[in-house]
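I opened the model to look up how its sheet is ordered and what packs around it. My notes follow in the order I made them.

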Amino acid sequence: MTAAPAATNRIAVVTGASSGIGAATARQLAAAGYRVVLTARRKDRIEAVAAEINAAGHQATAYALDVTDRAAVEEFATAFPTIGVLVNNAGGALGADPVATGDPADWRQMYETNVIGTLNLTQTLLPALIASGDGTVVIVSSTAGHGAYEGGGGYVAAKNGARVLAETLRLEIVGRPVRVIEIAPGMVKTEEFATTRFGGDEEKAAKVYAGVADPLVADDVAEAITWTVTRPSHVNIDLLVVRPRAQASNTKVHREL
């Protein structure tokens, strides 16, 4: 059973909603009764997803936004005296080089998007979440934030930052009417994650999932997010790790090759 959102907190903001987990989450939260605000840098993509949601009889609005642009985020936040849900999904990985040769620019960009972007949205929208009387902050981290692996140093560092942000915020606002949820997906096959990580090299991207019969897909993670958000308001799912059955850890994956 899912709890229908109250009239005072029906707005759900989803970052990184132009594709993958973000777009899937926007669709599922809209179907659960939320008026979804989709944000991402690619205006055409979020407008297309919002149009699809509206055509299905739900409510969605697209707002082009770079989560690393603090001034733009602050302007965006002024539109919302109250919101019910913030899903910090914008992020991603760049490169798979070892620490010894990793590109500092890639590390910086991953930190800016995964950590500072999450901080920007959370700080500016926290008053609106509190004002709703029953808010929820979701931070989409990764199993990378819970265990290092070779070639993942920059992404692991960024997702550790997102994980710690969630843990610290939960401690600092306990007693306020806002839940803090961390969703940590493992291997998820989406149309862009691995391709972006490897600079558009589709052959390298395909090797990530080679031989894995059933990696997770975006809808699997979106369903987990929606489930946590729609629990009764006194129930906080602090951390939900979601992996495919074929993945026992970040470094142990069953492949049928």
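I call a residue buried when its relative accessible area is under 20%. The model is predicted, and I keep that in mind throughout.

**Entry 1: strand β4**

I began with β4, residues 85-88. Which way do its side chains point? Val85 and Val87 point one way, Leu86 and Asn88 the other. I find all four of these residues buried.

Next I checked its partners. β4 runs parallel to β1 (residues 11-14), and three bridges join the two. Valine 14 has valine 87 as its bridge partner in β4. Valine 13 stands opposite leucine 86. On β5, leucine 86 stands opposite valine 137. I count four bridges between β4 and β5, again in a parallel pairing.

**Entry 2: the whole sheet**

In what order do the strands lie? I read β3-β2-β1-β4-β5-β6-β7. That makes seven strands in an open sheet, with parallel pairing. The edges are β3 (59-64) and β7 (239-242), since each pairs on one side only. From one strand to the next, the twist averages 15 degrees.

Then I looked at the helices on the sheet. Helix α1, residues 20-31, packs on the sheet and touches β1, β2 (35-40), β3 and β4. Its direction makes about 170 degrees with that of β1. Helix α2, residues 43-55, lies across β2 and β3. I note about 175 degrees between α2 and β3.

**Entry 3: threonine 136**

I moved on to β5, residues 135-140, where threonine 136 is found. Is threonine 136 buried or exposed? Its relative accessibility is 2%, so I log threonine 136 as buried. What does threonine 136 contact beyond four places in sequence? I list Gly84, Val85, Leu86, Leu129, Val178, Arg179, Ile181 and Val229. Val85 and Leu86 are in β4, the strand I started from.

**Entry 4: leucine 169**

Leucine 169 lies in helix α5, residues 153-172. At 9% relative accessibility, leucine 169 counts as buried, because the cut-off is under 20%. Leaving out residues up to four places away in sequence, I find leucine 169 touching Thr122, Leu126, Val137 and Val180. Val137 came up earlier, opposite leucine 86. I also checked a spacing along the chain. Leucine 169 and lysine 159 are 10 residues apart, and their C-alpha atoms are separated by 15 Å.

**Entry 5: helices α3 and α4**

Two packed helices are described by the angle between their axes and the distance between the axes. I looked up both values for α3 (residues 70-77) and α4 (residues 104-131). The axes come within 9 Å and cross at roughly 30 degrees. Angles under 35 degrees count as roughly parallel, so I enter α3 and α4 as roughly parallel to each other. The crossing is right-handed.

Which residues meet there? From α3 I list Arg70, Val73, Glu74, Phe76 and Ala77. From α4 I list Leu119, Asn120, Leu121, Gln123, Thr124 and Leu125. By class, I log six nonpolar, three polar and two charged residues in this contact.

Terms used
Residues are numbered from 1 along each chain as its sequence is written. This is a predicted model: local features need pLDDT of at least 70, side-chain atom pairs count only at pLDDT 80 or more; totals for chains, interfaces and linings use all residues. Side-chain values use heavy atoms; hydrogens and water are left out. Buried means under 20% relative accessible area, exposed over 50%, partly exposed in between (1.4 Å probe, protein chains only). Contact means heavy atoms within 4.5 Å. Axes are lines fitted to C-alpha atoms, for helices over the stretch in contact, and angles run from 0 to 180 degrees between N-to-C directions. Angles under 35 degrees count as roughly parallel, over 145 as roughly antiparallel, 65 to 115 as roughly perpendicular and the rest as oblique. A crossing is left-handed if the near helix is turned anticlockwise from the far one by less than a right angle, and right-handed if clockwise. Ala, Val, Leu, Ile, Met, Phe, Trp, Tyr, Cys and Pro count as nonpolar, Asp, Glu, Lys and Arg as charged, and the others, Gly among them, as polar. Two strands pair if DSSP finds at least two bridges between them.
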